[in-house]
Amino acid sequence: MKNELLITSRPSVPCKYRTALTVLALCLCQWLSAQNITVRGTVSADGDPLIGATVLVKGTTNGTITEIDGSYSIEVPTDAILLFSYVGYEPQEIAVGARTSIDVELNSSLVLDEVVVVGYGTMERANVTGSIVTVDVDELEKVPVPNVVEGLRAQVPGLRVTRGSGQPGSGITFKIRGTNSLGAAAGDIDATNTPIIVIDGVPIVGGNLAELNPDDIASINILKDAAAASIYGSSGANGAVLITTKSGIAGQSKISVSASTGFVDIANKIPMMNGGQYIQYRIDSEKAVGVTDPSINSLVDPSEVANYIAGKDVDWQDLLLRTGMQNRIGLSASGGNDKLRYYLNGDLYSEAGIITHSDYNRYSVRFNGDFSATDWLSIGARVQLSKSFADETANAITEFNQGGFAPFFPISTNTPLGDVYNSDGTYTKFIRDDRFQINPLHRYNESILDRNVTRSYINPYIKVKILDGLSYTLNTYAEDREEFYGRFWSSNYNDGDPSQAQIQESKGITYLVDNILSFDKQFGEHQINATAVYGFQEFDYQQSNTIAEKLPTDLLGYNAIGYAVDENIRYDWSRDDWGRVYLVGRLGYTYGDRYSVTLTMRRDGSSRFGPNNRWGNFPSASVAWNIHNESFFNRSGNFNFLKLRLSYGELGNDRFPTYYYRAGTNNVQVNAGTDPDTGEPILFNGFGLATNASNPDLKWESSKQVNVGLDLGLFDSRLNATIDLYQTNTTDLLLFESIIGVVNNGFTQYPSNVGETRSRGIDIGLRANLVRTQGFNWDISANWAKDVNEIVRLSSAEVDAEGNPINNPANGWFIGEDIRELYDYDVIGVWQLGEEDAASSFGNFVPGDPKIRDVDGDGIITPDDRTFLGNPTPSWYGGINNIFSYKGLELSVLIEAVQGVASVNNFIGGYTGRGNMLAINYWTPDNPSTEFPRIGAGGPMSGGLYTNAIKVQDASFVALRNVSLGYRLPSGLLAKLPISDVSVYVRGNNLKYWTDYDLAFSPESGVGSYPITRTWIFGTKITF
């Protein structure tokens, strides 16, 4: 075979043309490299589109976010590098080149890689050594409540939130890991054990979080253990809730409008007696005391008899309650560039309560601005102004108040056969002839009660980068909170009483200055994170109170208070203030992304204590081991991360009345003799000794906590879990000890540090991506917690002969038992006819009386048979949130469970007298009930040894806490509109209780309280 090489020639291009073509090609390449092109594509993960993923040209502020279907479109230079990122996923960088279509699949990153707010700074989750929970703010937005902490209910392990009143604008009660302090010194056990709330680095003093707009919140982190919370020293004795508000994002200018409206009604009505049941109850109560043939005419007023015959019943719940309304509208704008970023939001929230004259309106405006003046200097400020106006006229009724919400006592006591209207259609003052039952509708018309709150604050900061990794921040804060309370009763409010007005004005001013030095640097496998703080916080409170009677006119309400004559005016002014100075140091060290250590020391000085013990030291130490980063860890299995944590910390508590380390004084009048001209005594006002003695050695209440935690992730982080076990010992409890006045200059109580409590518990949090398909996702987050507290010691002086601590039954405190244990007789049934002999053998019992358990087995019921019946601390509590999403449709369902709670149900009355009662199944000879004993004067329900024991009930419940159904419009429908996102939703809150505690408005509210409400709202959010 012959091999041939065939060479063909082509005409050559002259040199001058070759040169010209080369120059043209170079110009064309240069032009193409500078030419902007439009790149389109999708961003997804696990086969599903990611909504809101960031697409950014690296090194610039030019960027966009993905639409509901994961799509994006961006104009970029051909030489650009696109940076794709999304929270919880590893970012990717891709060079554009000549491509006009780029689809990206992001890989899941470890949950431990996120940045966490830890107090005076941030830290990567992988390096966090304490017990810190990050709240899913997106889920928080789905709860239609004005109070951000209430929105956390059933969503955080170890955090229990309760709301005992449904009154619009009212506060809530919440605790992290239960109760440690007895709270006797401060007078409120719940307030003493409330966690601190820190907003943008500032511990908030007083106020109501209903004044904070939930839409302004960017992140929430819960510090649960002492090692994490010790950075706040005395303020963090009960844990901390760290809230960070939103900031503008460079390159993402947008305007959002949100609006919602809905209705509010009562969550659960109580079963009150109707007219027929009320008459029968009155007859049965008379028969129970030996009246064989009671006459109706002798039991009720003639007007009640007439209404009974005519079939005119009054259902006071239907009469006083209504369907309320909730409305909300918000407008926000945010954005900026490399230098200046801003966030501005205005919000209007209004709620018309389920009872007339119980409306609440809140207006808030927030501005957050950040300015990067140079590479080393940044300044900014957070500014908020909020005003709330509450019509609390329904609260003006004070009869039968007993510390509750007075209008609902008429609901549970007023006869159903009363007269609501006069013959001319006006309201009656009293609903029956004897005038012992008022008409609340009349009282509403003849009274005014307003409460207006204005809260304004500014939180400016300056941040200076001193060296690489070293920065200084000056964080300052000033807040002014003013509250106006005006009350008026007309001259027609009550027979024989003059008109009365009251104006109470209070003002609280808070200042804070923090000097924060931060260092964060990586040295190979070594990373150091250090923080040093010197700061102070001051609070000054003033209140003036003016009360006047016999106003010259009813037309001006409380505004006529200045027209009353001097002899009918009383004026009072009070003031309180305190301050705290602190030094903080925190050192964090991480080696090889495996081992982390955090050491913290805080030294607090509080003006609430005398100079002898003003300062308290609060150290903590914690370690963590990222086992998944060890070479021996097999990530090819089901585990993809595993972290072990151990911590110890000490915390202090100074929640004690100010200056009580000094002896108290009272106002007294001193007789200085007699006026020689008039013969009248000469009196002047002065000060005399009060009942509390001084204690210059009063010191901090101290809590020491050990925490062991485990964080784990399985199946490529589709299942994540956190488990924590802890024990807290609280010593030197701040309490008042009783002393003998005659040998102590008249002092009867002594502020002291005595007593000890112990609490133990476990809390578990789970997050799971159960289903991930192309169109359908199912996510679950669940939490479960159990905390047990007990009293170890109450007083160093009150011990038995062997030196062991003894109980304090007067306050319901018992060694080894819960802080709020119910100690009473155990009712196990009702004695029946035919059991007369057996009943009498245990004491003076007859059929119809409660059957009491003979605890000591001596055959007779005595005080020694009292036992522990339970307490308000749940055996366990938790919640589960299911989130189902299909394309643009999303449904979330949150269920809360609180189990093992015992409570005295004071809705159950005495069943004697002329007031209405709950329709219960009580015992009579013809109705041998075992649920409730006999009624009537002298009966076990009307008072005596067993009354409270009869009312002890299981207040456990399961609640359908929240349901949210939302839909986001496809981006294709919005492509030609200046709108980037539209969503519509319907949401419900407090929808259903499953409980045996059904003789109450809810298992969480007490007698006389404003009933818990349920809410349904419909809304939309549009982003431009």
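## Helix α7 and its cover

What covers the buried residues of helix α7? The cover includes α5 (275–287) and α6 (296–299). Helix α7 itself takes in residues 302–310, and the residues buried there are Ser-303, Glu-304, Val-305 and Asn-307. Just after the helix comes Gly-311, which has a positive phi near 75°. Please keep in mind while looking around that this is a predicted model.

One of those buried residues, Glu-304, comes back later in this report, where salt bridges with shared partners are described.

## The protein as a whole

Stepping back, the protein holds 13 helices and 49 strands. Its C-alpha trace spans about 140 × 70 × 70 Å along the principal axes. Of the 1024 residues, 50% are buried. Among contacts with a separation of 6 or more, 68% are between residues that sit 24 or more positions apart.

The accessible surface comes to about 46000 Å², and carbon and sulfur atoms account for 55% of that area. As for charge, the protein has 80 positive and 116 negative charges, and the mean positions of these two sets are 9 Å apart.

## A negative patch on the surface

Four residues, Glu-124, Asp-520, Glu-525 and Asp-593, form a negative surface patch. If you would like a place to begin viewing it, try Glu-525, found in the loop between β25 (500–523) and β26 (526–549). Glu-525 has a relative accessible area of 44%, so it is classed as partly exposed.

## Two residues with positive phi

Gly-311 has company in its positive phi, and here the residues are not glycines. Arg-177 has a positive phi of about 60°. Its place is the loop that runs between β13 (173–176) and α3 (189–192). Is Arg-177 buried or exposed? With a relative accessible area of 3%, Arg-177 is buried.

Lys-550 likewise is not a glycine, and its phi is positive at about 55°. This lysine belongs to the loop between β26 and β27 (569–591). In contrast to the buried Arg-177, Lys-550 is exposed, its relative accessible area being 53%.

## Phe-747 and its neighbours

Phe-747 sits in the loop between β35 (734–738) and β36 (749–753). Because its relative accessibility is 10%, Phe-747 counts as buried. Which residues does Phe-747 touch, leaving out those up to four places away in sequence? They are Ala-663, Leu-689, Ala-690, Thr-691, Asn-692, Ala-693, Ile-739, Ile-740 and Gly-741.

For a sense of distance, you can also compare Phe-747 with Asp-711: the two are 36 residues apart along the chain, and their C-alpha atoms are separated by 54 Å.

## Salt bridges

Side chains of opposite charge can pair when their charged atoms come close. A search of the whole structure turns up 48 salt bridges. One of them joins Asp-495 and Lys-429, with 2.7 Å between the closest N and O atoms. Asp-495 is in the loop between β24 (470–489) and β25, while Lys-429 is in the loop between α9 (408–413) and α10 (440–445), so this pair ties together parts that are 66 residues apart in sequence. Both partners are partly exposed: Asp-495 has a relative accessible area of 33%, and Lys-429 has a relative accessibility of 24%.

A second salt bridge brings together the side chains of Asp-732 and Lys-699, at 3.8 Å from N to O. Here too the partners come from loops: Asp-732 from the one between β34 (719–731) and β35, and Lys-699 from the one between β32 (681–689) and β33 (701–714), so parts that are 33 residues apart in sequence are tied together. Asp-732, at 24% relative accessibility, counts as partly exposed, as does Lys-699 at 33%.

## A strand pair and a network

Arg-968 and Asp-981 also meet through their side chains in a salt bridge, with an N to O distance of 2.7 Å. This pair links distant parts of the chain, 13 residues apart, with Arg-968 in strand β47 (residues 957–968) and Asp-981 in strand β48 (residues 981–995). Arg-968 is partly exposed at 29% relative accessibility, whereas Asp-981 is buried, with a relative accessible area of 16%.

Finally, salt bridges that share partners form one network of Asp-301, Glu-304, Arg-432, Asp-434 and Arg-914. That brings us back to helix α7, where Glu-304 is among the buried residues.

Terms used: Residues numbered from 1 in each chain as written. Heavy atoms only, no water. Patch = residues over 30% accessible without salt bridge, like charges linked within 9 Å, V, L, I, M, F, W, Y side chains within 5 Å. Areas by Shrake-Rupley, 256 points an atom, 1.4 Å probe, with all protein chains shown as cover. Lys, Arg positive; Asp, Glu negative; His and termini not counted. Charge placed at Lys NZ, Arg CZ, Asp CG, Glu CD. Helix = DSSP H or I, 4+ residues; strand = E, 2+ residues; numbered from the N terminus. Buried < 20%, exposed > 50% of the residue type's maximum accessible area, 1.4 Å probe, protein only. Contact = heavy atoms within 4.5 Å.
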